[in-house]
2 protein chains.
Amino acid sequence: MRVVELSRFRKSKAGCCATVGNFDGLHIGHRAIITELRRIAEVHGLNSVLVTFSLHPRLVMGKEEGDFLLTTLEEKKRMLQELGTDLLALVDFTPKVQDMSPEEFVEEILIKEFNVRWLVAGSNHRFGKGGSGDICFLAGRLEEWGLCLSVIPPVQVNGLAVNSTRIRKFIKDGDVENARTFLGYPYRMEGVVVKGEGIGSRLGFSTANLSFPENKVKPKDGVYAVKVNVEGQDWPGVMNIGRRPTIRGQERSFEVHIIDFQGDLYGNTLGVEFHKRLRDEMRYESEEELSEQIKRDIQEARRSLQPLC
Amino acid sequence: MRVVELSRFRKSKAGCCATVGNFDGLHIGHRAIITELRRIAEVHGLNSVLVTFSLHPRLVMGKEEGDFLLTTLEEKKRMLQELGTDLLALVDFTPKVQDMSPEEFVEEILIKEFNVRWLVAGSNHRFGKGGSGDICFLAGRLEEWGLCLSVIPPVQVNGLAVNSTRIRKFIKDGDVENARTFLGYPYRMEGVVVKGEGIGSRLGFSTANLSFPENKVKPKDGVYAVKVNVEGQDWPGVMNIGRRPTIRGQERSFEVHIIDFQGDLYGNTLGVEFHKRLRDEMRYESEEELSEQIKRDIQEARRSLQPLC
């Protein structure tokens, strides 16, 4: 287990309040839990600790592969710092941990390692071997362990429970607007500008080709209004996601035109926020037709991003 | 149901956080729950409501009778006001209420009457018909009801769980010091000064005979160091509790000597706090011997109450 001390951690405090889970996306449901965690920490003079896995168990177990995650570990760490969490505990999902009973998980990790005094959990939370530990299990042992417990039901938006699976699906379907509502912030990726020959560039619209982290969920092919962060400054942009034939077969390409921006970005890392899906990729009869469409995309992206950039 | 609006109640607030129970004694375990209730109310802009029964169900059902309660309704109301609770809901334990399922209790009383959004409960809390509703039951319905839940385990003192039954037993055994530790305050009763011929008076120690509320638990016969509140001022005192033969048979008598106090108190209401058990009632060979003992009692009461009066 690796423990990351975030900005507010104080060794002197009497113990911890903790929450356990994957927290992929740190969406508005997660934030309700973390907000409660922070309040309890403040009121009771405890450090707050978020216990998670260094790699998502579904990836460790091979139940998922490729672009699956909503947040990388680095993103999670940064967001938790903003949310005022004091400690981030990264448990490796080793066979030993996979085999831990709920009792062992609470006693060996939460109580022994962190002197946890208060647990905060989602009402559907399950943990321990095969997910055999739930809220009922915890409630029955609180007196023995001297633990308090706060249970937060799933946050709902338009009658739908907010959860990571649903948000991943929104993104895969290109519905970045609902993803944003359920996440509480626009879906983001950081990408490095790599070599690539964009169609846009050939038509006079300078573009940057981006390489995004492999394990992050990617929006469906199409054209998006995006906010691009270049060295701390936000710019409006249009991103085209598509599939291009390469020597190694078909590859996804992420090509962004940063509106009004001039300069060489090769090798830079850009932050991209997905705000609106503008349209599907389409085949055009002529380069003129395509060029006109790109102009309309730029106009629409500028309009929809106006208050932001 | 009768709803008492305590000082901080605001109609404008979005809803309530609630706790349900008898809360007899409002001991340190109850206070841990009420402190959490108040914190949640403040943070989430809710009114806090304590839902209790206008008469203890064990008295309604005839499972207990006579001097059973640690707190009268008036005492509860006053203490809840001090603890910063906004509403006190008094449910009559009618056959209809006795027959309510846990679902009905939550839906008909908590949600419908008070728009409850957050529940705070002790980890052993049971409610609804035959006590069939518990924390597990609640946890399974939180999502449906959109409720949050905080669960507080029993507070422990020297390895003993704090609960009303244990405190009643301390008092009945004369152990007012442990009662005080577990309650978080000295056990109190308010009594009216009635006619009565005390032994003390005959020996030159002026005494007041008190009539206490019938349903309050009474300390075991014996002699106690007490703090007596007379019209807002605290005095040290010695109280003798014993059984005296009357025309109607044997009756308990509560005779207090207020140290250094002079004046007629007949008809006044006095507040009595039990701080220390000094001794058993004893038979004395002569009035001189008894008089000497009373002098020693006064000395010891004065010493043990010195920092308080």
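Modeller: A residue counts as buried under 20% relative accessible area, as exposed over 50%, and as partly exposed in between. The model discussed here is a predicted one.

Biologist: Why is C136(A) called partly exposed?

Modeller: The relative accessible area of C136(A) is 28%, and since partly exposed is the class between 20% and 50%, C136(A) is placed there. C136(B), at 27% relative accessibility, also counts as partly exposed.

Biologist: How do you know that a disulfide joins C136(A) to C136(B)?

Modeller: A disulfide is called where two cysteine sulfur atoms lie within 2.5 Å, and from S to S this pair spans 2.1 Å, so the pair meets the cut-off. The structure holds 1 disulfide over all chains.

Biologist: What makes this pair one that joins two chains?

Modeller: C136(A) lies in helix α6 of chain A, whereas C136(B) lies in helix α6 of chain B, so the bond runs from one chain to the other.

Biologist: Why is C17(A) not bonded to C16(A)?

Modeller: The closest cysteine sulfur to that of C17(A) is in C16(A), at 7.2 Å, which is too far for a bond, given that the cut-off is 2.5 Å. C17(A) is also buried, with a relative accessible area of 0%.

Biologist: How do you know that the two copies are related as by a two-fold rotation axis?

Modeller: Chain B is superposed on chain A by a rotation of 180° with 0.0 Å of shift along its axis, at an RMSD of 0.1 Å, and the two copies are therefore related as by a two-fold rotation axis. The same surface serves both copies, with 100% of the contact residues of chain B recurring in chain A.

Notes: Residues numbered from 1 in each chain as written. Chains lettered and ligands numbered in written order. Predicted model: local features only at pLDDT ≥ 70, side-chain atom pairs only at ≥ 80, totals over all residues. Heavy atoms only, no water. Least-squares fit on C-alpha atoms with pLDDT ≥ 70 in both. Contact = heavy atoms within 4.5 Å. Helix = DSSP H or I, 4+ residues; strand = E, 2+ residues; numbered from the N terminus. Buried < 20%, exposed > 50% of the residue type's maximum accessible area, 1.4 Å probe, protein only.
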